[in-house]
Amino acid sequence: MTWEELKLATIQKMFSANGSTIPTDDSTRDYLAAMPQVANEGILMLSTAGKFLVKSVSISINPIPNILGKETGGKIHLKESGEMIFSGERARSYYFEATGKCTATISAGDYVEIVDIDSINKYTPFKGLITNEKQLPVTIVFDSEYPYSVKNIALYRSKFTEPGLVPDYCEKVRFRMPDIVDDFHSINSIYFEGDIQNTRYIKTDEVYQEGDKVLALDREVPGNYIVYYNALPPTITSGTEDSYELSLDREVAAILPLYMASQLYKEDDISIATQYRNEFEVAFERLQSTAINGKAEEIKSESGWI
């Protein structure tokens, strides 16, 4: 349905149009001026509580190997005082998170970098590049006379052009969905495509959603995640072209004029406006009860033929 068709259907319900053209006289001028706001109200209501506008985006997990491994790098290491030492071969960059008051000395041959850490009651991330052209063993030595702790420690063999490009190391990789797609409303479903060692394609629930905006994926399960999400609809404005094609399913487009007419016709005939609103609510309730997300199914016979 185009924006012009929606306006015409609404005007026809208010008995202000004959045929297939929209009058542009005094009888419709105020209605047409108010239509963008009323249309946005109805579309937002339908697309966030009944008939979702579903889109998709791909998110890939391609982690850089941590020389220290998951067992060492992924743990929280606590120390009342003294040294903690972590070593790896041929590292070119590092990442860790620390809390407390301590120092971290990163060294590889003649290269030495000292990081002063003073972070109370929270883990602060640190990352950087290691000058190690000869690919020597690299050591990180944490030291303090006070209690401190470190976690998510990583040494990477990968080389980067600047420290900010060194990837974080953590069990879950977090993605704030509104930063990826600007029309994000909520997650609908997620499908996983494995990497070269894990070729399954399945609908997955092996993810975490933090709050209602952040998706957390497992760093140790590389591959491509196809995230289907419920999108916020585009906004209609006074400058929207009549030829603009609305992103609406046919069953939504069919009842939207009922909502718009019920809002616009209140001052002219409250009884007809109320009738249209009641018709809209009945149809809206049916949409809500039949809105079912797509599912993945697998067939397996008991006799073993498949």
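User: How many positive and negative side chains does the protein have, and how far apart do the centres of the two sets lie?

Analyst: Happy to start there, with the reminder that this is a predicted model. To read charge, count both signs and then ask where each set is centred. Here there are 30 positive and 46 negative side chains, with 6 Å between the centres of the two sets.

User: What secondary structure does the protein have?

Analyst: There are 6 helices and 13 strands. The radius of gyration is 29 Å, well over the 19 Å that the globule rule gives for 306 residues, so the protein is more spread out than a compact globule. Its C-alpha trace spans about 85 × 60 × 35 Å along the principal axes.

User: What share of the residues is buried, and what share of the contacts joins residues 24 or more positions apart?

Analyst: Buried here means under 20% relative accessible area. Such residues are 42% of the 306 in the protein. Among contacts with a separation of 6 or more, 76% come from residues 24 or more positions apart. As for the surface, carbon and sulfur atoms hold 48% of the roughly 17600 Å² that is accessible.

User: Now a single element: how does the reach of helix α5 compare with the expected value?

Analyst: Compare the end-to-end C-alpha distance with the expected span. Helix α5, residues 250–264, reaches 22 Å, close to the 21 Å expected for its 15 residues.

User: Why is α5 described as largely enclosed?

Analyst: Because 11 of its 15 residues are buried, α5 is largely enclosed by the rest of the structure. Among the buried ones are Val252, Ile255, Pro257, Tyr259, Met260 and Leu264.

Terms used
Residues are numbered from 1 along each chain as its sequence is written. This is a predicted model: local features need pLDDT of at least 70, side-chain atom pairs count only at pLDDT 80 or more; totals for chains, interfaces and linings use all residues. Side-chain values use heavy atoms; hydrogens and water are left out. Helices (H or I, at least four residues) and strands (E, at least two) are DSSP runs, numbered from the N terminus. The expected span of a helix is 1.5 Å times one less than its number of residues. Buried means under 20% relative accessible area, exposed over 50%, partly exposed in between (1.4 Å probe, protein chains only). The radius of gyration is taken over C-alpha atoms; the globule rule is 2.2 Å times the number of residues to the power 0.38. Contact means heavy atoms within 4.5 Å. Accessible areas come from the Shrake-Rupley method with a 1.4 Å probe; for residues, only the protein chains shown count as cover. Lys and Arg count as positive and Asp and Glu as negative; His and the chain ends are not counted. The place of a charge is taken as NZ of Lys, CZ of Arg, CG of Asp or CD of Glu.
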